[in-house]
Amino acid sequence: MIQSETLELLEWHRLCQHLATFAATKLGATAARHLKIPDSQIQSEQLLEQTKEVYQLETRQTTGLSFEGIQDIGDSLERAERSGVLAGDELLAIATTLAGVRNLRRVIDNQEDLPVLTDLVADLRTYPELEQEIHRCIDERAQVTDRASQKLGEIRTDLRRLRTQITQKLQNILQAKSGAVQEQLITQRGDRFVIPVKAPQKDAIPGIVHDTSTSGATLYVEPHSVVPLGNQLRQIIRREQAEEEAVRRALTEQVAAVKPDLERLLAIATTLDLATARSRYSYWLGANPPRFIQREDREIITLRNLRHPLLVWQQQHEQGQPVVPVDLLISPQIRVVTITGPNTGGKTVTLKTLGLAALMAKVGLFVPAREPVEIPWFDQVLADIGDEQSLQQSLSTFSGHIRRISRILEALGNRESGIENGENLETSTPQSLVLLDEVGAGTDPVEGSALAIALLQYLANHAQLTIATTHFGELKALKYEDDRFENASVEFDESTLSPTYRLLWGIPGRSNALTIALRLGLKPEVVQQAKTQVGEATDEVNQVIAGLEAQRRRQETKAAEAQVLLQQAERLYKEVSAKAASLEERESSLRASQEIAVQQAIAQAKGEIAQVIRRLQKGTPTAQEAQQATNALNQIGQQYQPATPAKPKAGFMPKLGDRVRIPKLGQIADVITAPDEDGELSVRFGLMKMTVKLQDVESLDGQKPEPIVKPKSAPAAVIPPPQSVPEIRTSQNTIDLRGKRVADAEYILDKAISEATSPVWIIHGYGTGKLRQGVHAFLQQHSRVNNYEPAEQADGGSGVTVAYIK
């Protein structure tokens, strides 16, 4: 009983009505309105997987799942099993349902990653032969077709022939007795063909009068000459009806023979439609899939930006107020949360929102909260919300609450009894969610608070989680006596005298009654007297709570700013990573194209050499032909042989006044004394003079003092030279001089150019232009720089200079 009461208090039926609007079939809508709540976590997880897979399928496809043609054929199947004869429209509904479910299975089978839905339709039988037979015998108007049986075809041929004869006879009478008829018309009364005759001249056309006009001026007469044909027509029509019934009976028997499979097919179609409705409703809500957690494993209940689904519907469809979300982050050791604060502050809405979220997760719906959504699987959701005052039953507010709370405790006791009796329950720990609104209200405050404390301490031992709202200040102290208790409060804006509907965790609510009374115009002396009655201790507590609230707001502001900075950093990181990946992909593509060009050139060279060899193999080659072949091979070698690499420059000997580089120190120095016989020389850089070894210096263009002797290289193979590859700007060949002085920039440039083997991109920016002029002057006189030019617009334009190395 308390379970159904809870659903009523949480307005679960309204949510089911909203869900039903997203169903595509009548059966699906009915199932949504009477949504069954699973009894086990396994069933809930199965429903959630169905919802996730339909959500995934509909996101992937533009049209989604189509339930066209699927109808409620349950009553027809029952009548077929009881030997009833189905009408044509009922048989046609069965055929379209079979086709619709077959289309559903085809769409699901064409997807690769829908294991739950694929398993659901794996053994589905759609009987295409039955569908074809129904369409052969029943047309789109639900009438039996001529081709349904040979006998029926012959009967209808006789009917058409007989109707033609009757029509011809009546047409002749109309022409012969035109003065006696009201108009040239052949009509029917029942299954008899008649003509309209003027009442005064009824004797002119003897026959049977089947009807009279309202005025009595016209008689509808079947002439005697047509009566035998009419009787014959009636007999043939009865034979036609009997044959049509025989056809429909045969089809009905075929349906009855496969009734269990068709019932299963109908159940699967309803399951799919319900899963689709859950998916579409979840998408409309902007909800996310929940994950069931085990609080025994120290997992935290996480429901951020949780919104009340009925308020979201009201906002969208009924021009309601914007929905203020709440954050519920409950540590695993917490068993009871007490929410305090002023009336109309959102305490009751918070209770209902959590209750609906727990039920939505159980039935396979997504929860309207931000990811991740982590919530326990509650075996029972029990609530005492609202006022159960009843004059008819002589119940006060307090009595109504106590009656309902008694039923809640009884339900918890029955659960524990089931565990003790070894029933098939998934866990022996308490798994119930209890929601109590204004616990202990409606009686003497002292006794009410004592009763509320005892009740919450009992629920801490017998329920998985209890959320209770209260105005009793004594309940706030439970947190400091038992670590299973936690405080929360609804925020109140004293400047506007209105609640913000935000939930503050860890901070008990403070009384705002005196502040509100003063701002609403109550005499100050009355308010001051009330403060005296309350006492200084209470005022100090309220000041401490106000300080905690202000501190919390400051922390939230800083956290929001940090979150913005983090998002900006993540966005920049993604952009840089994307550009780096693009450059790597571009370099790989160029290397691949170069390799392909080399292979093609090698193949072409081999082909030309083979042609020379084949010409030599034809007959006995003469000296002249041999010389021609040699010349051809030499030409091929010159064409495809790579260019001879430039020989390394000969070593140099530093002389007085030369500038040399000292790699170990990273400095450029002037020679002030020539090397002596021990290989030492004196140099100066800046104000410093020092003596260095000859092997520790090199020329500015990279020459060592002693020539480097390299081993003689083997003859180069006849391979094609690599195609020229466009130079690519990377982080290794780019120098950023922005903010540097010209003197410092020259040193950095000299080092980079001396080590470079490919063009160098130099970033100097725009500014005053002095740095750019200094860079250009240095490049103009540098011995290793062939030429320089502004970079492409995409690489920085005139703010970047590209130096090409000799």
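Here are a few worked exercises on the structure above.

The model is predicted, so to say: local features need a pLDDT of at least 70, side-chain atom pairs count only at pLDDT 80 or more, and totals for chains, interfaces and linings use all residues. Residues are numbered from 1 along each chain as its sequence is written, and side-chain values use heavy atoms, with hydrogens and water left out.

**Exercise 1. Get an overview of the protein.**

Step 1: start with the elements. The protein has 21 helices and 23 strands. Helices (H or I, at least four residues) and strands (E, at least two) are DSSP runs, numbered from the N terminus.

Step 2: check burial. Of the 806 residues, 41% count as buried. Buried means under 20% relative accessible area, exposed over 50%, and partly exposed in between, with a 1.4 Å probe and protein chains only.

Step 3: look at the surface. About 44,800 Å² is exposed, and carbon and sulfur atoms supply 50% of it. Those areas come from the Shrake-Rupley method with a 1.4 Å probe; for residues, only the protein chains shown count as cover.

Step 4: look at the contacts. Among contacts in the protein with a separation of 6 or more, 67% are between residues 24 or more positions apart. A contact means heavy atoms within 4.5 Å.

**Exercise 2. Work out which face of helix 1 and helix 12 is buried.**

Step 1: list the buried residues of helix 1 (residues 2-9). They are Ile2, Glu5, Thr6 and Leu9.

Step 2: look down the axis. The buried residues of helix 1 fall within an arc of 100 degrees, so they line one face of the helix. The arc is that of the directions from the helix axis to the C-beta atoms. The general rule helps here: an α-helix has 3.6 residues a turn, so residues three or four places apart point the same way.

Step 3: do it again for helix 12 (residues 309-317). Pro309, Leu310, Val312 and Trp313 are buried there. They cover an arc of only 155 degrees around the axis, which puts them on the same side of helix 12.

Step 4: find the neighbors. The buried residues of helix 12 pack against helix 2 (12-20), helix 11 (259-285) and helix 13.

Step 5: see what follows each helix. Just after helix 1, Glu11 has a positive phi of about 60 degrees, and helix 12 is followed by Gln319, with a positive phi near 50 degrees.

**Exercise 3. Trace the pairing around strand 2.**

Step 1: begin with the hairpin. Strand 1 (residues 187-189) and strand 2 pair in the antiparallel sense over three bridges. Two strands pair if DSSP finds at least two bridges between them.

Step 2: find the partners. Arg189 has Arg192 in strand 2 as its bridge partner. Two residues sit between the strands of this hairpin, and Gly190 takes a positive phi near 70 degrees.

Step 3: go to the other partner. Four bridges join strand 2 to strand 4 (residues 218-223), and the two run antiparallel. Ile195 stands opposite Val221 in strand 4.

Step 4: ask about burial. Six of the seven residues of strand 2 (residues 192-198) are buried, so strand 2 is largely enclosed by the rest of the structure.

**Exercise 4. Describe the open sheet that contains strand 5, and what packs on it.**

Step 1: write down the order. Four strands form an open sheet in the order 5-9-6-7, with mixed pairing. Its edge strands are strand 5 (290-293) and strand 7 (326-330), each pairing on one side only.

Step 2: add the twist, which averages 30 degrees from one strand to the next.

Step 3: pick a pair. Strand 5 and strand 9 (residues 370-376) pair in the parallel sense over four bridges, and Ile293 has Pro376 in strand 9 as its bridge partner.

Step 4: place the helix. Helix 13 (residues 347-362) packs on the sheet, touching strand 5, strand 6 (301-306), strand 7 and strand 9. The direction of helix 13 makes about 115 degrees with that of strand 6. Axes are lines fitted to C-alpha atoms, for helices over the stretch in contact, and angles run from 0 to 180 degrees between N-to-C directions.

**Exercise 5. Check the cysteines.**

Step 1: search for disulfides, meaning pairs of cysteine sulfur atoms within 2.5 Å. The whole structure has zero.

Step 2: check burial. Cys16 is buried, with a relative accessible area of 2%, and Cys137 is buried, with a relative accessible area of 2%.
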